[in-house]
Amino acid sequence: MRADRLLSLVLLLRHRGRTTAAVLARELEVSERTVLRDVEALSAAGVPVYAERGRHGGFALLPGFTTDLTGLTPGEAVALLGSGATSTPGALGLGPEFASAMRKIVAALPDAAREQATDAAGRVLVRRGGWLRDTDDGATTDVLTAVQRAVFGGVRLRIRYRTGTRPGAEPGPAAERVVDPVGLVQASGRWYLLALRDGEDRTYRVSRIEEAAPLAEPAHRPEGVDLEELWLRRREDFRARRPGVRVRLALPADRRDALSAVTVDEERTQDGTTEVVAAFGDLFHAARALWPLLPDVRVLDPPELVTALRERARAAVVALG
């Protein structure tokens, strides 16, 4: 375990340069005293690490010291770095191991490739929570590939996009637009393109893009974009503009994890039963999201949703003969 921590310490210093003991301790999840002992051990082993005193001091490696851990290309590094959403490794219980692996990947890249890979990785985000309660994605590979090229390449994108329709309504015609890509987000199995159109924030579901073509013009992308913060803000703005529907649900407390993909506004547990109030865009989305969770989840309110789910269950029984 200590050998792995020492290697992580070297990689942190290689990637970040001069770093304080407090920051290193936080990254490695150890005490500052442990960091000091590890620095002494590295020095004794011949690793050129030194301390700089003063207000802006810290530990650093001598200039020119390098590591060569992998033969990753920048593209391979982007693929791995882009998978680093907090919901993924954390849900698997691999948070520290995942962070250590990412440090090794970044440190192993040449300087130019490192800058390219980390910049590209900052343009893609993978999250569990979607726009409403989305399920599978219908994005075609060709379209998604073209969108990714524009996002990572920092160029403008021409798309043919069809807007969403209510269930049972005829789809509207697709319209052509030229946008400035900001980032790609995958949430609840769907891909979304965050972009600017004529300087205004826009979010496009990739499955509704019929055609996509990167252009030769550089895209206007604001400096210092925090893609996760931007995604959460746009999602909340979207939900605030919709009337929405609140659904009261109940299920055994030991099956609470069945609601892990549902946005819960209120929750209480009593006598072994967990009762929650969840938010959905409308009754159609509520029924679509809750159907796979039956019978673990019992829908209490509103009555029209209960009726819709009962009718769906009856139709399923008839269809099965």
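Among contacts in the protein chain between residues at least 6 apart in sequence, what percentage join residues at least 24 apart? The figure is 65%. The model shown in these views is predicted.

**Figure 1. Overview of the protein chain.** The protein chain has 321 residues, and buried residues make up 39% of them. Its secondary structure consists of 11 helices and 12 strands. The accessible surface comes to about 17700 Å², with 51% of that area belonging to carbon and sulfur atoms.

**Figure 2. Helix H11 and what covers it.** H11 runs over residues 303–319, which makes 17 residues. From its first C-alpha to its last the helix reaches 24 Å, close to the 24 Å expected at 1.5 Å a residue. Leu 305, Val 306 and Leu 309 are its buried residues shown here. These residues lie on the same side of H11, because they cover an arc of only 100° around the axis. The face turned away from this buried side carries Pro 303, Arg 310, Val 318 and Ala 319, which are exposed. The cover over the buried residues of H11 includes strand S9 (245–252), helix H10 (283–290) and strand S12 (298–301).

**Figure 3. The nonpolar cores.** The largest nonpolar core has 20 residues. Those touching the most other members are Val 247, Leu 249, Leu 259, Phe 280, Leu 290, Val 299 and Leu 305. Two or more residues of this core come from each of S9, strand S11 (273–280), H10 and H11. A second core, separate from this one, has 18 residues, among them Val 124, Ile 159, Tyr 161 and Leu 193. Of the residues named here, Leu 305 is also one of the buried residues of H11.

**Figure 4. The aromatic pair Tyr 161 and Tyr 204.** The count of aromatic pairs comes to two. In this pair the ring centres are 4.9 Å apart and the planes stand at 75°; planes over 60 degrees apart count as edge-to-face, so the pair of Tyr 161 and Tyr 204 is edge-to-face. Tyr 161 belongs to strand S4 (residues 155–161) and Tyr 204 to strand S7 (residues 200–205), so the pair ties together parts that are 43 residues apart in sequence. Tyr 161 has a relative accessible area of 6% and is buried. Tyr 204 is buried as well, at 2% relative accessibility.

**Figure 5. The aromatic pair Tyr 192 and Trp 231.** The rings of Tyr 192 and Trp 231 form a tilted pair, 5.1 Å centre to centre with 50° between the planes. Tyr 192 is part of strand S6 (residues 190–197) and Trp 231 is part of helix H9 (residues 227–240), so this pair ties together parts that are 39 residues apart in sequence. Tyr 192 counts as buried at 3% relative accessibility. The relative accessible area of Trp 231 is 0%, and Trp 231 is buried.

**Figure 6. Surroundings of Arg 177.** Arg 177 lies in strand S5 (residues 175–187). With a relative accessible area of 15%, Arg 177 is buried, because buried means under 20%. Not counting residues up to four places away in sequence, Arg 177 touches Leu 157, Arg 158, Ile 159, Tyr 161, Thr 163, Arg 197 and Tyr 204. Tyr 161 and Tyr 204 in this list are the edge-to-face pair of Figure 4. Ile 159 and Tyr 161 are among the residues of the second core in Figure 3. Arg 177 and Asp 198 are 10.0 Å apart in space, C-alpha to C-alpha, and 21 residues apart in sequence.

Definitions and conventions: Residues are numbered from 1 along each chain as its sequence is written. This is a predicted model: local features need pLDDT of at least 70, side-chain atom pairs count only at pLDDT 80 or more; totals for chains, interfaces and linings use all residues. Side-chain values use heavy atoms; hydrogens and water are left out. Helices (H or I, at least four residues) and strands (E, at least two) are DSSP runs, numbered from the N terminus. The expected span of a helix is 1.5 Å times one less than its number of residues. Buried means under 20% relative accessible area, exposed over 50%, partly exposed in between (1.4 Å probe, protein chains only). The arc is that of the directions from the helix axis to the C-beta atoms. Contact means heavy atoms within 4.5 Å. Rings of Phe, Tyr and Trp (its six-membered ring) pair if their centres lie within 6.5 Å; planes under 30 degrees apart count as stacked, over 60 as edge-to-face and the rest as tilted. A nonpolar core is a set of buried Ala, Val, Leu, Ile, Met, Phe, Trp, Tyr and Cys residues joined through side-chain atoms within 4.5 Å. Accessible areas come from the Shrake-Rupley method with a 1.4 Å probe; for residues, only the protein chains shown count as cover.
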